[in-house]
Amino acid sequence: PFWVAGTFSSDGVMLTSHGRVGCTVIRQSTGIYFIEFDHPHPSPSYVVICCTHTGRSWSGFGTSGFERNNSSSFWIVLRNSSSAKLNGEGTFMVLA
């Protein structure tokens, strides 16, 4: 069901990846991660689901959002509870 799905580290290193095609992740700056598919998605309006991971001992919360670039790539932005961008582990899924 996934075009691509994966989890990346706070440094932008791909930890695990699944789906019909592969992808790469690059941390472009604090809290901004660029995900590029090995092959373009057939729909330019593909569905992205993303989340960020926080630890049990952390007293805040994190949020993630995405912005499509084109049929081959998108950005994920991670923020903390005060809206400051932060580096963190993230997971994403793109539906096929």
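This passage walks through a strand arrangement and a group of aromatic rings in a predicted model.

A good place to begin is the sheet. Four strands make up an open sheet in the order β3-β4-β7-β6, and their pairing is antiparallel. Its edges are formed by β3, covering residues 23-29, and β6, covering residues 62-70, each of which pairs on one side only. From one strand to the next, the twist averages 25°. Between β3 and β4, which run antiparallel, there are six bridges. To follow this pairing at the level of residues, one may look at Thr24, whose bridge partner in β4 is Glu36.

The aromatic residues come next. Across the whole structure, a search finds seven aromatic pairs. One of the pairs joins Phe37 and Phe74, with ring centres 6.0 Å apart and planes at 55°; planes from 30 to 60 degrees apart count as tilted, and so this pair is described as tilted. Phe37 belongs to strand β4 (residues 32-37) and Phe74 to strand β7 (residues 73-80), so that the pair links distant parts of the chain, 37 residues apart. Phe37 and Phe74 are both buried.

These two residues also have a place in a wider group: together with Phe8, Tyr33, Tyr46 and Phe92, Phe37 and Phe74 form one aromatic cluster. Tyr46, a member of this cluster, has a charged neighbour as well, for Arg68 lies over the face of its ring, at 5.6 Å from the ring centre.

Definitions and conventions: Residues are numbered from 1 along each chain as its sequence is written. This is a predicted model: local features need pLDDT of at least 70, side-chain atom pairs count only at pLDDT 80 or more; totals for chains, interfaces and linings use all residues. Side-chain values use heavy atoms; hydrogens and water are left out. Rings of Phe, Tyr and Trp (its six-membered ring) pair if their centres lie within 6.5 Å; planes under 30 degrees apart count as stacked, over 60 as edge-to-face and the rest as tilted. Helices (H or I, at least four residues) and strands (E, at least two) are DSSP runs, numbered from the N terminus. Buried means under 20% relative accessible area, exposed over 50%, partly exposed in between (1.4 Å probe, protein chains only). A charge sits over a ring if NZ of Lys or CZ of Arg is within 6 Å of the ring centre and within 35 degrees of the ring normal. Two strands pair if DSSP finds at least two bridges between them. Axes are lines fitted to C-alpha atoms, for helices over the stretch in contact, and angles run from 0 to 180 degrees between N-to-C directions.
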